[in-house]
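Colleague: Can you walk me through this one? I have a few quick questions.

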Amino acid sequence: MTRTKPEIPVVIIGGGPVGLFLAICLLKKGIECRVLEKRKEPVPDSRSLGIHPVSLELFEEVGITEPFLSAGLKIRKGIALSEDKKLGEIFFENCRKPYNYILACPQFTTEKILRDELAKLNGHALITGATFQSFLEHEQSVEITYSTDQQTNQRISSNYVVGCDGKNSMVRQQASIHFSGKRYNDTYIMGDFEDTTDFGPDAAVFLPKEGLIECFPLPNGMRRWVVKTDEYIPKPGQLKLAALVQDRLGYDLFGVKSTMLSSFGVQQFLAETFAKGRVLLAGDAAHVVSPIGGQGMNLGWMDCRVLADSFAFLTNKNSEIAEQVFREYSENQTRIAKKVARRAEINMALGRRQRMPFFRNLFLKGMLHSPLKRKAAELFTMRGLDSWWV
Ligand SMILES: Cc1cc2nc3c(=O)[nH]c(=O)nc-3n(C[C@H](O)[C@H](O)[C@H](O)COP(=O)(O)OP(=O)(O)OC[C@H]3O[C@@H](n4cnc5c(N)ncnc54)[C@H](O)[C@@H]3O)c2cc1C
């Protein structure tokens with residue numbers, strides 16, 4: 001039984017892109033919240049890159065689109081190539097306006113903008129340097145314990161706690177919510193380089209038989225290269241990435257200035273539920289999808305919109321219906337997460353080392369020269385997630 005009235009309706013654990021956006025959505029609806037984030041500064045690397053049209057629409061609803069448009073770079077076209085031969089093009093320009101492009105924006109810029117926008121709404125909402133430790137669920141409230149540099153065992157009580165604390169979520173683990181999935185054998189090396197290509201603001205996806213190479217434009221004259229590798233490379237270096245690109249495409253990246261290099265493997269995990277009692281999950285804490293296709297963060301932002309609507313709907317209503325409202329949140333977002341994961345799987349399969357690349361290339365060429373090309377643009381921009389097919 002709770003002894004005190006909750007101090008605040010919602011406490012969010014984790015101020016990554018998803019936790020920050022959820023806080024903005026809640027505050028815009030007049031719902032007070034706090035975000036406990038262990039890092040003092042935004043994530044230092046550029047990790048996620050693509051902001052999809054659906055997310056720009058969500059940003060518009062809460063009035064934060066402008067800083068993203070100023071900081072990002074609009075990708076309006078994607079080109080698919082075998083090695084050097086063009087297989088076809090996808091034009092995002094033909095997609096629904098006004099956001100008929102994918103916005104390239106490094107994750108540290110995204111987090112910085114979200115932090116700034118949140119501070120404009122409530123300068124006290126984000127508590128940085130605050131590491132979540134545990135929660136205790138009572139009948140009417142949740143009591144959360146966290147630590148800062150100054151003090152351990154600080155407490156805050158709320159009506160609900162939302163775990164936005166990423167794929168290793170402690171909130172999810174402490175709520176005993178099962179997280180099932182798998183690790184794929186697919187591995188990649190990735191780096192941001194000065195743009196020495198002729199692709200300008202277009203994305204290019206190369207499909208040589210040895211495996212996928214993607215290169216995406218970034219703001220400030222940079223370009224992100226992502227290269228499929230046969231095994232995980234624990235210490236990625238420029239020489240390794242440049243050698244792979246040279247072998248497969250004959251393109252020289254050896255002397256080109258690079259700002260970031262990393263390796264990653266691919267996982268796909270899903271929580272058995274996103275709602276259990278007074279505990280909710282959103283973003284990577286609820287679902288991890290392959291970064292190939294670049295949709296994980298955007299998927300998390302979709303969770304935020306539905307979750308904020310659910311909280312707003314429940315304001316001043318009988319708390320007995322909360323269980324049903326959050327169950328619907330969980331079921332809907334699970335369905336969407338499964339679909340995004342399926343799409344990412346297709347992307348990965350197309351980019352794997354091929355014994356007979358001719359057939360894959362023929363298929364892609366056919367698709368990119370048919371009316372299906374428009375559908376492909378929708379798939380890449382996260383449209384049609386509520387339809388029955390892929
Ligand atoms: C190489 C790569 C490329 C990617 N590219 C894209 C892309 O282009 N587009 C896209 O949509 N997605 C992309 N993704 C996926 C994207 O990075 C994630 O989906 C996204 O970061 C998830 O956001 P999140 O806020 O849910 O979790 P996270 O970004 O993991 O944030 C969780 C936050 O919680 C904090 N935290 C954790 N534990 C605690 C604790 N105990 N107490 C307090 N705070 C805590 C962490 O410090 C962190 O800030 C990519 C991922 C990778 C690996």
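Modeller: What follows goes from the overall layout to the sheets, the ligand shell and a few residues, and the model is a predicted one.

Colleague: How is the chain divided into domains?

Modeller: Domain 1 is made of three segments, 8–73, 106–181 and 268–350, while domain 2 consists of 184–267 and 353–380. Their centres, taken over C-alpha atoms, are 30 Å apart.

Colleague: How many residues does each domain put into the contact?

Modeller: Domain 1 contributes 17 residues and domain 2 contributes 16 residues.

Colleague: Which elements supply the domain 1 side?

Modeller: Strand S16 (258–271) and helix H8 (322–350) each give at least two residues to the side of domain 1 that touches domain 2. H8 has the largest share there, with 3 residues.

Colleague: And by class, what is on that side of domain 1?

Modeller: It has 10 nonpolar, 5 polar and 2 charged residues.

Colleague: Back to the whole chain. How many helices and strands?

Modeller: There are 10 helices and 19 strands in the protein chain. The radius of gyration is 22 Å, and the globule rule gives 21 Å for 390 residues, so the chain is as compact as a globular protein of that length.

Colleague: What box do the C-alpha atoms fill?

Modeller: Along the principal axes the box is roughly 70 × 45 × 40 Å. Of the 390 residues, 43% are buried. As for contacts between residues at least 6 apart in sequence, 72% of them join residues at least 24 apart.

Colleague: Sheets next. What is the strand order in the one with 8 strands?

Modeller: The order is S6-S5-S13-S14-S15-S12-S16-S19, in an open sheet with mixed pairing.

Colleague: Which strands stand at the edges?

Modeller: Strand S6 (86–91) and strand S19 (287–288) do. Each has a single partner strand, so one side of each is left without a neighbour in the sheet.

Colleague: In which sense do S5 and S6 pair, parallel or antiparallel?

Modeller: Strand S5 (residues 77–81) and S6 are antiparallel, over 5 bridges. One bridge pairs Lys77 with Phe91 in S6.

Colleague: What about the sheet of 3 strands?

Modeller: That is an open sheet too, ordered S3-S7-S4, with antiparallel pairing. S3 and strand S4 (73–75) are its edge strands, and each pairs on one side only. Between S3 and S7 there are 2 bridges, and Ile51 has Leu103 in S7 as its bridge partner.

Colleague: S3 starts just before H2, I think. Which residues of helix H2 are buried?

Modeller: In helix H2 (residues 53–61), the buried residues are Pro53, Val54, Ser55, Leu56, Leu58 and Phe59. Their cover includes strand S3 (50–51), helix H3 (65–71), strand S7 (102–104) and helix H7 (296–314). After H2 comes Gly63, with a positive phi near 70 degrees.

Colleague: Now the ligand. Which residues come nearest to it?

Modeller: Gly14, Gly16, Gly166, Gly283 and Gly296 come nearest, out of 32 residues around the ligand. Helix H1 (17–28), strand S2 (33–37), strand S9 (131–137) and H7 are the elements giving two or more residues to that shell.

Colleague: Which of those gives the most?

Modeller: H7 does, with 4 residues in the shell around the ligand. That helix also takes part in covering the buried residues of H2.

Colleague: What is the class split of the shell around the ligand?

Modeller: The shell has 12 nonpolar, 14 polar and 6 charged residues.

Colleague: Two single residues before I go. Where does Thr187 lie?

Modeller: Thr187 is in strand S12 (residues 179–194). It counts as partly exposed because it has 17 C-beta neighbours inside 10 Å. Leaving out residues up to four places away in sequence, Thr187 touches Thr229, Glu231, Tyr232, Ser263 and Gly265.

Colleague: And how far is Thr187 from His124 in space?

Modeller: The C-alpha to C-alpha distance is 40 Å, with their positions 63 residues apart in sequence.

Colleague: Last one, Asp252: buried or exposed?

Modeller: Asp252 counts as exposed, because it has 11 C-beta neighbours inside 10 Å. It lies in the loop between helix H6 (238–249) and S16. Thr196 is 56 residues from Asp252 along the chain, and their C-alpha atoms are separated by 9.2 Å.

Conventions: Residues are numbered from 1 along each chain as its sequence is written. This is a predicted model: local features need pLDDT of at least 70, side-chain atom pairs count only at pLDDT 80 or more; totals for chains, interfaces and linings use all residues. Domain bounds come from an automatic or database domain assignment. Two residues are in contact if their C-beta atoms, placed from the backbone, lie within 7 Å. Ala, Val, Leu, Ile, Met, Phe, Trp, Tyr, Cys and Pro count as nonpolar, Asp, Glu, Lys and Arg as charged, and the others, Gly among them, as polar. The radius of gyration is taken over C-alpha atoms; the globule rule is 2.2 Å times the number of residues to the power 0.38. A residue is buried if 20 or more other C-beta atoms lie within 10 Å of its own, exposed if 12 or fewer, and partly exposed in between; C-beta atoms are placed from the backbone. A residue is near a molecule or strand if its C-beta atom, placed from the backbone, lies within 6 Å of it. Two strands pair if DSSP finds at least two bridges between them.
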